[in-house]
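Here are some exercises to work through with the structure at your side. Try each task yourself before you read its solution.

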Amino acid sequence: MELIDKILKIAPNATVLDYGQRIVELAPKDFRAVAEALRSDKVAPMDYLRDIVGMDWGETLGALYYLESSKDYSQVTLKTATADRENPLLPTVCDLWKTAEIKEREVYDFYGIRFLNHPDMRRLFLREDWVGYPLRKDYDMNSNPLDLESDVNADTTEEVFLNPDGTVAEKENTVFGKDEFVVNIGPQHPSTHGVLRMRTSLDGEMVRKVDPVLGYIHRGVEKMSESLTYPQTLAMTDRLDYLSAHQSRHALCMCIEKAAGIEITERANYIRTIMDELQRIDSHLLFYSCLVMDMGGLTPFFYGFREREMILDIFEETTGGRLIQNYNVIGGVQADIHPTFQQKVKEFIKHLRAVIKDYHDIFTGNVIATTRLKGVGVLTRDQVVSLGATGGTGRASGWANDVRKHHPYALYDKVDFKEVLYNDGDCFARYMVRMDEIMESCHIIEQLIDNIPEGDYKVKTKPIIKLPEGVYSASVEASRGEFCVFIESHGDKSPYRLHYRSTGLPLVHTMDTACRGQKFADLIAIGATLDFVLPDVDR
Amino acid sequence: MNSFSRYMKGFFSGLKSLLIGMRTSMKVFLQPKVTEQYPENRHTTLHIPERHRAKLVMLHDAENHHHCIACGLCQMACPNGTIKVISEMREDEEGKKKKVLVKYEYNLGSCIFCQLCVNACPHGAIEFTNDFENAVYEKDKLLLTLNHEGSSLAKK
Amino acid sequence: MNQSFLDYYNIAPLLATIHEAMCSVMPEWLAMTLEGIVVGVIIILMYALLAIVLIYMERKVCAAFQCRIGPNRVGGKGGLLQVFADVLKILTKEIIKLKKADRLLYNLAPYLVILASIITFSCLPWHNGAQILHMNIGIFFVLAASSIGILGILLAGWSSNSKYTLIGAVRSGAMIISYELSIGITVLTMVVMSGTMDIHGIVMSQENGWNIFKGHIPAIAAFIVYLIAGNAEANRGPFDLAEAEQELTAGYHTEYSGMHFGFFYLAEYLNLFITSGIATTLFLGGWMPFHIAGLDGFNAVMDYIPGIVWFLGKTFFVVFLLMWIRWTFPRLRIDQVLTLEWKYLMPLSLVILVVMTVCKIYGLVF
């Protein structure tokens, strides 16, 4: 707890709350100083901002900041709030953690909190003419009737800053200049992997700037969850990142189980782990397919789909769903594994190990592919940590960020697997991380599949699940990065606030950094290797 | 000389990788195809697993009895308002007042197949079937009544 | 050597007889006009027919590469009528008018593309005596005519007033103009070898053996370079970056619809055929049958197969090769396309030209 002592030394007025988890509450003016000190710590800098969770506590508006150190993986949660609901202002941290650039915009969009000195205070998901801030508890649900007018994106943005004398002032910043050649990529575009829209400024074939416009598939999952019971909220997680359906649901189940003190059986844990890894293979096969297709090779695209089909069949046999499996439930899993499950999984892994050579022969070694991927879209380790680009993207740049290794859950501390790391940080490294992880996942499954212990697949839970008051979180390594669930419970049967750490949002935000100065065709390759899924970004 | 040999090496290794790629694609060219010919394969190779969730049904036995006691737990469990249980109070032979199911409405169009209703049902009255060919031309046809005409509660 | 096989199916005398018969009943100018019209109609019909065959072939071949079956519903088990259905559909589609487009150029562009393609198409040596456009600088004319196509592409991209089409057109322009160099030089190599620019002459010079065998190493190298460059010229994968759908949705023809789009589509497939046809003419002996020296019986059997069968057979073989390449490789990036041309293919084709000339002078080619 020396970390907390350190914080208290800088901000003696900070209060340490034990509220589900340990939270350090800070006044806004102390917060900035503490954040700077934690970020620049010599031994273990808190250089990874996991998430900013905006909150409306009734009297105050504020946010929780989840920090982690990429050195020793220690974590700390900071809380800061302002009582001014009319014109709430908090200091920005986007100069300390680049990922805050987009996460603070999210908080602004939903809570109307403006961040001082943040250069780009635009809405993130909602229309620019949206009235009110929907995640505030006093938001009037009727204030935004269906608007069929098209939303024109302004080329300017505003910044709120503090004058030296302490007064607040605003100024206008430019997003795109008048004479820039801005090409719209998306929202209907073959290679944005969903309804992402990127306003891309081009200089000939060179990319000058990428400005992602989000919200085309925003469904308000977090807002909806506030009026759903806990078992009902589970139905939403499969619909976030549909290629990490199991893992996302695993995270939410774990979080609720942790808060409610439910202990699940060993058998359920085995099944969950195997399913998570199958899902990861599924996702990475699709990644291969999409990357190859985005680069114009349509044939290998079908190879990936051919093998993925076998996983989906296995899923369907046991869970009853192919894409949306609804398998994890609070206290275990929905149904026991199908009698043929183990045999089919083993057959599949054998088959996959045999055909994966074709994948590499037709694409990995290909001179066109390697020259298009190597040295393109290079991200350094510092950049990915600052951008919060977790998962394969981070590991390709040498950031060991695998939640399974560093904060093990389920059975990951019992199985033997390697955390795949590359140091190049280019598209090829990102591609190879995923291809190697397929093999690692096979290895994990092989260790577990024959040893599933007997027992119940689900423990009995109360018919109505209520969580004790507090803030809870759980994170898993989803197919494309760290997926976290943050719940604030006020003791009801539905959460007071439920927030998901989107794995894709930081990745979409990474596009700008990775694409600048690259070719237009590289933008597509970079987008494909960053591997984001839009329903998870927009939520 | 060094750069020239690098140039030539790059040229030939590139050529080799292209030929390996062409060999792989030719291998697949000659392999049997994986296309499943739906709907021709309906009665041959098409396999829809038992657990596949395609449609909610209420189980009825041979005497047209179901197990629904119209408690409404499924309706409450549904996150989407897909289920509507319409019931009324009726007196049975012994003169006791009892809730009886009149109509069990289910909107297939808004169902998200989360299985919470089936989990919530204390009597196993409803379940999902793998009957997946549910496409219809009109939205109204997605509004289904699950209890059969003239059915009644099964005796214990 | 027995030369008679050249006369088996020579239709030149037949055509001459028809011409004489027509001249006897009408003035010569009328006969010429009528013949011109008939031949023109035949060209267009063949053009359309071949496009349909090629599209069907592409769909089936690409399906097989992708572990699929391909079209199999329309018109019986093989889906033979699928392409007819597609053409019918495309014909009934509305031709969209764009608001801020340059109307004249926008409408002109697809015709330019198809025109270039048809003119080149007419130069192919189909059969002994059945060459439609015959002139002593035939191959030079083919190169010149095929360059009109790029004009259509540039106009289409410019006049559509869209950013995607503009980028696609500019890419296409840069690429095609570069690759024309390689094509030109490899064609020149074969002209050096055959000693004539006349397409008929080139074919005739191969009666005692196809150029690719007679010219051994330089000819084989030239064949490969020609195939790569020709593939780029036809805007096909892995060089399809002008219409890279993952980047530019459809490149220069994004804004076209209906039959205007159909023209681009047809031209793309016919260009594939033309590229293959020229390759056949230059390297694989055109309509000349396959002979093995010494096996007279075998050679005699080969002679009984008509020239048009040989020509189409060889051409479709090359088409299949190009499809194989297309459905295997990912797309190149614009700078790589240009690097490949200027740093590898161009020097290589120049070396081939020199080697071929030296071989020719010292009689090392047969």
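**Exercise 1: Strands around β2 of chain A**

Three bridges join β2(A) to strand β5 (residues 75–82) of chain A, and the two strands run parallel. Keep in mind that this is a predicted model.

Task: Find the bridge partner of A:Leu26 in β5(A), then work out in which sense β1 (residues 15–19) of chain A and β2(A) pair, parallel or antiparallel.

Solution:
- Step 1. Start with the parallel pair: A:Leu26 has A:Thr80 as its bridge partner in β5(A).
- Step 2. Now turn to β1(A), which pairs with β2(A) in the antiparallel sense over five bridges.
- Step 3. Pick out one facing pair: A:Val16 stands opposite A:Val24 in β2(A).
- Step 4. Look at the hairpin of β1(A) and β2(A): one residue lies between the strands, and A:Gly20 takes a positive phi near 80 degrees.

A reminder for both pairings: strands of a sheet pair through backbone hydrogen bonds, either parallel or antiparallel.

**Exercise 2: A sheet with a helix on it**

Task: In what order do the three strands of the open sheet β15, β16 and β17 (chain A) lie, and which helix packs on this sheet?

Solution:
- Step 1. The order is β15-β16-β17 in chain A, with antiparallel pairing.
- Step 2. The edges are β15 (470–478) and β17 (497–501) of chain A, since each pairs on one side only.
- Step 3. From one strand to the next, the twist averages 10 degrees.
- Step 4. Check one pairing: β16 (residues 481–489) of chain A and β17(A) are antiparallel with five bridges, and A:Cys484 has A:Arg501 in β17(A) as its bridge partner.
- Step 5. The helix is α6 (residues 245–260) of chain A, which touches β15 and β16 of chain A. The direction of α6(A) makes about 150 degrees with that of β15(A).

**Exercise 3: Two domains in chain A**

Task: Which element gives the most residues to the side of domain 1 of chain A that touches domain 2 of chain A?

Solution:
- Step 1. Mark the domains assigned to chain A: domain 1 (2–139 + 158–173) and domain 2 (221–530). Their C-alpha centres lie 28 Å apart.
- Step 2. The contact takes 20 residues from domain 1 of chain A and 23 residues from domain 2 of chain A.
- Step 3. On the domain 1 side, β2 (21–26), β3 (48–56) and α3 (100–111) of chain A give two or more residues.
- Step 4. Of these, β3(A) gives the most, with six residues.
- Step 5. By class, this side of domain 1 of chain A has 11 nonpolar, four polar and five charged residues.

**Exercise 4: Two domains in chain C**

Task: How many nonpolar, polar and charged residues are on the side of domain 1 of chain C that touches domain 2 of chain C?

Solution:
- Step 1. In chain C, domain 1 is assigned to 9–92 and domain 2 to 98–361, and 19 Å separate their centres, taken over C-alpha atoms.
- Step 2. Domain 1 of chain C brings 18 residues to the contact and domain 2 of chain C brings 22 residues.
- Step 3. α2 (12–25), α3 (28–65) and α4 (82–92) of chain C each supply at least two residues of the domain 1 side, and α3(C) gives the most, with 11 residues.
- Step 4. Sorted by class, that side has 16 nonpolar, one polar and one charged residues.

Key. Residues are numbered from 1 along each chain as its sequence is written. Chains are lettered from A and ligands numbered from 1 in the order in which they are written. This is a predicted model: local features need pLDDT of at least 70, side-chain atom pairs count only at pLDDT 80 or more; totals for chains, interfaces and linings use all residues. Domain bounds come from an automatic or database domain assignment. Two residues are in contact if their C-beta atoms, placed from the backbone, lie within 7 Å. Helices (H or I, at least four residues) and strands (E, at least two) are DSSP runs, numbered from the N terminus. Ala, Val, Leu, Ile, Met, Phe, Trp, Tyr, Cys and Pro count as nonpolar, Asp, Glu, Lys and Arg as charged, and the others, Gly among them, as polar. Two strands pair if DSSP finds at least two bridges between them. Axes are lines fitted to C-alpha atoms, for helices over the stretch in contact, and angles run from 0 to 180 degrees between N-to-C directions.
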